[in-house]
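New to this one? Have a look at the model first, and then we'll go through some questions together.

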Amino acid sequence: IFDPAKGKADKEAVNQAVSESLKSIFEKYPQKILANTSKELGVYVDRKKALFSTWYEFFPRSSSEKQGKHGTFKECIPLLNRVAEMGFDTLYFPPVHPIGEVNRKGKNNTTTAQKGDVGSCWGIGSKSGGHKDIHPDLGTLDDFKELVQKAKELDIEIAMDYALQAAPDHPWVKEHSSWFKWRPDGTVQYAENPPKKYQDILPIYFESEDFKGLWNECLDILYFWIDCGVNIFRVDNPHTKPFYFWNWIIDEVKKKHPDIIFLAEAFTRPKIMQQLAKQGYTQSYTYFTWRDNKHELIEYVEQLTKTEQSEYMRPNFWPNTPDINPFHLQGANEPKHIQRYVLAATLSSNLGIYGPVFEQMISDALPGKEEYLNSEKFQVQHYEWGLENWLIKLISGINNARKEHEALQQTNNIRFCHIDNDQLIAFYKWNDDKTSEVLVIISLDHHHAQRGTVQLPIQEMGIGHDHQLKIKDVVPDIEYTWNGEWNFVELHPNMPFHIFEIIK
């Protein structure tokens, strides 16, 4: 029965809740229980891999040679040779923990799972365990440790996903209910990272009264996997957790294990990404994934290398990820994939790809979205792991060039060169003592041949206007002699780049 008096009171309460006067009170008297200040700036001196790394990502559950079969760690071991032969030194696995059954996602991110659906591996936790446990279908902890060791024998490090979120049936929900923010009706608002919604995940309440217990458990998770041989962590959605938490936990880990690398998966606002770097992250995902034309590529790289960002933020360029199937790769041909890889590999000293989707050019998308159709995030896929193509051959060659030339093992020493064609981009890179110098020219046209005249940065190179310059194309190995400051180049779609070693 409608009560007019009560209805009027409810309306007045709503008006007060959204009023400017209440807003001004909150702004004038904010809660400061988590306020923190520091007069000291901490600096980490990282190992070489923080500056130079080549990442490859695949889902271990898709490693099986048999169609429809869930892969295992033991089936991943034979694939390590393929990863090594392609020139990758870091193999990143999405979460390998038990997956929640409550509110499990179905194929293509549907909110209702069907029988046999394996769910998103980022929905961590079930009756089989939580963040310190292995999904039973992948194998055992000993199997995982064996995989880590076999990878090290091939100079590959296993990078683990550190995803601080919980499925509704994660053991924490019952054992530590205060680590979640409960509504009066006993429910928890599911996680969101707009525009994405995660109905299968409960967000952790990092400011709970028992935040010390929660934070120590999060730290203990890292120690557990470090003891298993993992020294690199890709951190899922770090921008949805408090900055102070990251400052604390990274500092605690570095005290005992200074060689640990943290990659921030933070596709968010620039200031947030920069703040995460300042809190101690070793590397960061970037906007390269969406930068496609010459102007925006140059503008973005110069933001990263010619501003104060170069002092604290190490970019990692990824052409694709399981979350992002960029529009320019959807239905793209092989030259486009070559172009995107060589851009990432030469502009940045850290790069990564999500494979075998990238090198096999699997790019079917959900209509109108930058998401993969039949996304591997929600189902087991079957791949022809032995497939060979021109793209794979070039990826191997480019990665080998990165290993052999120190100029490509850093990001900040870069000078873009004038070239009279907007479909061609050229830049000069060098190591600190200039014992390694390269000139890179890339065509941004994946359908037609492009020609242009490139102006060499002769002052930076220390040569004269009429200098005869000896250069060597490192993929393939061909030597040339260039005369003077201006030189002609022509690139074709099937080989849309030059990486020239400067011999002088």
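What follows is a short set of questions and answers on strands and helices.

Q: What kind of model is this, and what pLDDT do local features need?
A: Residues are numbered from 1 along each chain as its sequence is written, and side-chain values use heavy atoms, with hydrogens and water left out. This is a predicted model, where totals for chains, interfaces and linings use all residues, side-chain atom pairs count only at pLDDT 80 or more, and local features need pLDDT of at least 70.

Q: Which strands are the edges of the open sheet of eight strands?
A: Helices (H or I, at least four residues) and strands (E, at least two) are DSSP runs, numbered from the N terminus. Two strands pair if DSSP finds at least two bridges between them. The sheet has parallel pairing and runs in the order β9-β8-β7-β6-β3-β2-β1-β10. Pairing on one side only marks the edge strands, β9 (315-316) and β10 (350-354).

Q: Within that sheet, which residue in β7 does V235 stand opposite?
A: Look at β6 (residues 232-236) and β7 (residues 261-265), which pair in the parallel sense over five bridges. Opposite V235 you'll find A264.

Q: Which residue in β18 is the bridge partner of L439?
A: Strand β18 (residues 497-502) has five of its six residues buried (under 20% relative accessible area, 1.4 Å probe, protein chains only). Five bridges join β18 to β13 (residues 437-443), and the two run antiparallel. β15 (residues 468-474) also pairs with β18 in the antiparallel sense, over three bridges, and there D473 stands opposite F500. The partner of L439 is F500 too.

Q: Which elements do the buried residues of α10 pack against?
A: In α10 (residues 270-278), the buried residues are I272, M273, Q274, L276 and A277. Just after that helix, G280 takes a positive phi of about 125 degrees. With contact meaning heavy atoms within 4.5 Å, the buried residues of α10 pack against α9 (243-256), β8 (283-285) and α12 (309-312).

Q: How do α13 and α14 lie relative to each other: roughly parallel or roughly antiparallel?
A: Two packed helices are described by the angle between their axes and the distance between the axes. The axes of α13 (residues 334-347) and α14 (residues 390-404), lines fitted to C-alpha atoms over the stretch in contact, come within 10 Å and cross at roughly 15 degrees, with angles running from 0 to 180 degrees between N-to-C directions. Angles under 35 degrees count as roughly parallel, so α13 and α14 are roughly parallel.

Technical notes. Buried means under 20% relative accessible area, exposed over 50%, partly exposed in between (1.4 Å probe, protein chains only). Angles under 35 degrees count as roughly parallel, over 145 as roughly antiparallel, 65 to 115 as roughly perpendicular and the rest as oblique.
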